[in-house]
Number of protein chains: 2
Amino acid sequence: MAYRRTERVIQRFNARRDAIVQAAQALAAESGMEAIQIAHVAARAGIAAGTVYRYFPSKSDLVAALITFVTERDLAAIRRAAGGAPGPLSAIAVVIIEWAARAVRRRRLTWAVLATTDGTAADALRLAARKSLAAEFERLIAAAVAGAHLPEQNCALAAAAMFGTVMEVLVGPLAPSYDSEAAARAAIQAVTLVVLRGVGIIDARARGLVVQAPWPRPDEA
Amino acid sequence: MAYRRTERVIQRFNARRDAIVQAAQALAAESGMEAIQIAHVAARAGIAAGTVYRYFPSKSDLVAALITFVTERDLAAIRRAAGGAPGPLSAIAVVIIEWAARAVRRRRLTWAVLATTDGTAADALRLAARKSLAAEFERLIAAAVAGAHLPEQNCALAAAAMFGTVMEVLVGPLAPSYDSEAAARAAIQAVTLVVLRGVGIIDARARGLVVQAPWPRPDEA
DNA sequence: TTTTAGTGCGAATCATGGTTCATTTCTTTC
DNA sequence: GAAAGAAATGAACCATGATTCGCACTAAAA
């Protein structure tokens, strides 16, 4: 016999699979969801269209993998950021800033992954991704409320408000393009202050909360 | 010759055109943007598919007409609401409530019109619609700032934040379905308080601002 | 009543883009 | 290096849904 399911083979399979996802990511980052077409992705990855189907049963599975990849990366980053915060209110501020900075840096990709719908099964995953992000915010808000650092409130609603605000102000198609880094930092800070006021932190700066994005810094992918 | 462009003919033409837009609206309200297919719209309007093209040169023109129709209606409503407010801060509160109430009442339609993209020329109009709504908010915020009723701030950013918050919390696919009218009213009030705090009104209720949706009330279409 | 432009019809046509599959080209193993 | 299974290829295929267009019908004008 020939060709066993050896470790090396599996490695290569995964590497190529990832390459396809990366190609899709690059296209989405450049031109949004519509640019993710099998032919384009394949060309970008340097393979034939049919080959994509050796790695993904359907396009929506590929898109799902992309959504998962991007979302997990962002979730990990904001959890890390939250963990390093000195207190409950700082944690909220730091997480908003971290996520906003990431979202701004990859506006189109973020929009494609979280805000576009394509009518396929991937949409469900998209919703799940939004939910995960919002849940992260909600958890921190709830903790702050529990510790009496914030007034009683509907934490899920507050979290969704944060999410929606960042998306609309910094990520959406109507957001100004913050070409200069300084402009982006300023916008992120302004958004942060708005959402913090929204949950009841009316004097974030006076309290010494970090409201500056830790920018620029290296990115992991 | 026969068949002049008489008044009666024009009337009928416009009536049928409107009927097609209404059919599209009904479909979008029920099932979102994807449901707007020429065949479906035609069936709903009781005509043949080809007939739609006697009234609209292309699907995207039909969608554009729908977007314009819905947006103008909402804009008129919030302008009316703003006009009746006793002061600059009340105007902001009243407009948010008015728009939020309308958006919640027709969630899917609002989402289809403002938040969905379909890759056609109608997308530009969608953006314009969002811009118009946000501009309305911005104007009121700027007026309040000018009158020193609100702290100095980036009014465009604040307006976008309001828009995004309402969309995400009340309209988007992750918003809970406020089946009971009371639940909807409560959610609208909560959202209103959040966005008002966001622009610097930290004690809306204490100031006697209206934060209750004027609900239920008749609807015009 | 007879014209004839306007209107409606809907099956056929097009365009787009995902998916399949017979064939060719590797890789591994002996 | 030969055999055999795995992977790659890309042109053909298919599904969806917008758009066209020849024909029939209606209603205003003569």
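Helix axes here are lines fitted to C-alpha atoms over the stretch in contact, and the angle between two of them runs from 0 to 180 degrees between their N-to-C directions. With that in hand, we can walk through this predicted model, starting where two such axes cross.

The axes of helix 9 of chain A, residues 181-199, and helix 9 of chain B come within 7 Å and cross at roughly 130°. Angles of 65 to 115 degrees count as roughly perpendicular and those over 145 as roughly antiparallel; helix 9 of chain A and helix 9 of chain B are therefore oblique to each other. Their crossing is right-handed. If you would like to find the spot in the structure, look for Val194(A), Val195(A), Arg197(A) and Gly198(A) on one side, which meet Val194(B), Val195(B), Arg197(B) and Gly198(B) on the other. Sorted by character, the residues of this helix 9 to helix 9 contact are four nonpolar, two polar and two charged.

Let us step back to the two chains. Two copies of a chain are related by a rotation about an axis and a shift along it. In this model, chain B is superposed on chain A by a rotation of 180° with 0.0 Å of shift along the axis, and the RMSD is 0.1 Å. That is the relation of a two-fold axis. The interface tells a matching story: 100% of the interface residues of chain B are also interface residues in chain A, so the copies meet through the same surface.

The contact between the chains takes 29 residues from chain A and 29 residues from chain B. On the side of chain B that touches chain A, the elements giving two or more residues are helix 7 (122-146), helix 8 (155-171) and helix 9 (181-199) of chain B. Helix 8 of chain B gives the most to that side, with ten residues. By character, the residues on this side of chain B divide into 16 nonpolar, eight polar and five charged.

Now for the fold of a single chain, taking chain A as the example. Chain A has nine helices and zero strands, so to read along it from the N terminus is to follow the pattern α-α-α-α-α-α-α-α-α. The C-alpha trace of chain A spans about 70 × 35 × 35 Å along its principal axes. Chain A has 221 residues, of which 43% count as buried. Among the contacts in chain A with a separation of 6 or more, 66% are between residues 24 or more positions apart.

Some of the packing can be followed in chain B, and helix 6 (residues 107-114) is a good place to begin. Helix 6 of chain B is mostly covered, with six of its eight residues buried. Those buried residues are Leu109(B), Thr110(B), Trp111(B), Ala112(B), Val113(B) and Leu114(B). They pack against helix 1 (7-31), helix 4 (59-83), helix 5, helix 7 and helix 8 of chain B.

Two of those partner helices hold residues worth a visit. Trp99(B) lies in helix 5 of chain B, residues 88-105. A residue is buried if 20 or more other C-beta atoms lie within 10 Å of its own, and with 24 such neighbours inside 10 Å, Trp99(B) counts as buried. Setting aside neighbours within four places in sequence, Trp99(B) is in contact with Asp74(B), Ile78(B) and Val166(B). Arg16(B), by contrast, is in helix 1 of chain B and is partly exposed, with 15 other C-beta atoms within 10 Å. Arg16(B) and Ile47(B) are 31 residues apart in sequence, and their C-alpha atoms are 9.9 Å apart in space.

The tour ends in a loop. Most residues other than glycine have a negative phi. Ala148(A), although it is not a glycine, has a positive phi of about 65°. Ala148(A) sits in the loop between helix 7 and helix 8 of chain A, and with 9 C-beta neighbours inside 10 Å it counts as exposed. What is the phi of Ala148(B)? Ala148(B) has a positive phi of about 65° and is likewise not a glycine. Ala148(B) is found in the loop between helix 7 and helix 8 of chain B, where it counts as exposed, with 9 C-beta neighbours inside 10 Å.

Terms used:
Residues are numbered from 1 along each chain as its sequence is written. Chains are lettered from A and ligands numbered from 1 in the order in which they are written. This is a predicted model: local features need pLDDT of at least 70, side-chain atom pairs count only at pLDDT 80 or more; totals for chains, interfaces and linings use all residues. Copies are superposed by least squares on the C-alpha atoms of residues with pLDDT of at least 70 in both. Two residues are in contact if their C-beta atoms, placed from the backbone, lie within 7 Å. Helices (H or I, at least four residues) and strands (E, at least two) are DSSP runs, numbered from the N terminus. Ala, Val, Leu, Ile, Met, Phe, Trp, Tyr, Cys and Pro count as nonpolar, Asp, Glu, Lys and Arg as charged, and the others, Gly among them, as polar. Angles under 35 degrees count as roughly parallel, over 145 as roughly antiparallel, 65 to 115 as roughly perpendicular and the rest as oblique. A crossing is left-handed if the near helix is turned anticlockwise from the far one by less than a right angle, and right-handed if clockwise. A residue is buried if 20 or more other C-beta atoms lie within 10 Å of its own, exposed if 12 or fewer, and partly exposed in between; C-beta atoms are placed from the backbone.
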